[in-house]
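Open the model in your viewer and keep the sequence panel beside it. The stops below go from one selection to the next.

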Amino acid sequence: MIEPAPLQTVLPCSQCGRTFAHSDMVQIAGNWVCGDCKPAYLSRVMASGAASPSGRHYGGFWIRFGARIIDGIVLGLPLLVFFFLLMPNVFKAKGDVSNPLVAAFATFNLTYLLASLLISGCYEVMLLRYRGGTLGKMACGLKVIRADGSDLSWGVCFGRYFMWNVLSRSIPFLNFVFVLVSSIMAGTDAEKRALHDRVCDTRVVYKQSIA
C-alpha cells in the first residue's frame, strides 16, 4: 500500500498575491514574501521601517536621517549667529602668554563647544520630554516612545541626548565608529533601533501607527 504524499502548505505572497509553497517563501517583518518580491520589499523595510505585529510602524534609517537634517538646519542658525558674535573676540585677545592668538582660539573652541552642547541639549531634551520628538522628527511624522509605549521621562531624554550628541558624535575618531555602528543597527534591526535606542530602551515610530 502506497501512502499518499503529505500536502505541502501553500501561502500567498503579501506583495504580489500569488501563492507559493511554504519552502519558497520567506518571512520579513511579519509578512510572507516570495523570492521575486523579496529584494524590493526588503529594501523598503530597511529604508522606512515596517509595521510590527503590535501595529507600530518603526521609522527606518533614511526617514530618521532626514529628520536629523532638518534639526541640523534649525539648530544651525542660532549656532551660526553665536559663532559670528564670538569670533571677533579671538582677534582682540591679549595677554601674558607667549602666543595669545593660540590661547584665544583654544578658548573660542571650548566656549563654542560648550555653548553648542547647551543649545542642542535644551532643544532636544525639552522637545523629547514634552512633544516626543524634535522638530525634525515631528516634521517627518515620527515620535520617540519607550518600549512599552509610554512617553519619555527626563532621564531617558537626557540619556538619548548624551548617547547620540556627546558620546556618538563628539569624541574624536571614535565618533565615526559609533555613528557607523548606530546607522547599521537602525537599518537592519527589526524595530529600527539605533545604538542610543538600545541603551535607553526607546523606539522611533510613526505617530499615526500609535494614534
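Is Gln 27 buried, partly exposed or exposed? Select Gln 27 in this predicted model; the residue sits in strand E3, which spans residues 25-28. Gln 27 has a relative accessible area of 47%, so it counts as partly exposed, because that class ends at 50%. Now add Lys 38 to the selection, eleven residues away along the chain, and draw a distance between the two C-alpha atoms: 9.3 Å.

**Colour by confidence**

Next, colour the chain by pLDDT. The mean for the protein chain is 79, and 75% of its residues reach 70 or more. Select helix H5 (residues 135-139), which has the highest mean pLDDT among the elements, 95. Then select helix H3 (residues 88-91), where the mean is the lowest among the elements, 60. Where pLDDT is low, the predicted coordinates should not be read in detail.

**Across the chain: Asp 201 and Arg 146**

Show side chains for Asp 201 and Arg 146. They form a salt bridge, with an N to O distance of 3.9 Å; the pair still qualifies because the cut-off is 4 Å. The two residues are 55 apart and belong to distant parts of the chain. Arg 146 lies in strand E5 (residues 142-146), while Asp 201 lies in the loop between helix H8 (195-200) and strand E6 (202-206). Both ends are partly exposed: the relative accessible area is 33% for Asp 201 and 22% for Arg 146.

**Arg 198 and Asp 189**

Move the selection to Arg 198 and Asp 189. How far apart are N and O in this salt bridge? The distance is 2.8 Å. The partners fall into separate exposure classes: Arg 198 is partly exposed at 39% relative accessible area, whereas Asp 189 is buried at 10%. Asp 189 is placed in the buried class because its value is under 20%.

**Arg 193 and Glu 191**

Select Arg 193 together with Glu 191. Their closest N and O atoms are 3.8 Å apart, and the two residues form a salt bridge. Glu 191 is partly exposed, with a relative accessible area of 25%.

**The network as one selection**

Which residues do salt bridges with shared partners join into one network? Select Arg 146, Asp 189, Glu 191, Arg 193, Arg 198, Asp 201 and Arg 203 together. The three pairs visited above belong to this network. To finish, display every salt bridge in the model; the count comes to eleven.

Notes: Residues numbered from 1 in each chain as written. Predicted model: local features only at pLDDT ≥ 70, side-chain atom pairs only at ≥ 80, totals over all residues. Heavy atoms only, no water. Helix = DSSP H or I, 4+ residues; strand = E, 2+ residues; numbered from the N terminus. Buried < 20%, exposed > 50% of the residue type's maximum accessible area, 1.4 Å probe, protein only. pLDDT = per-residue confidence, 0-100.
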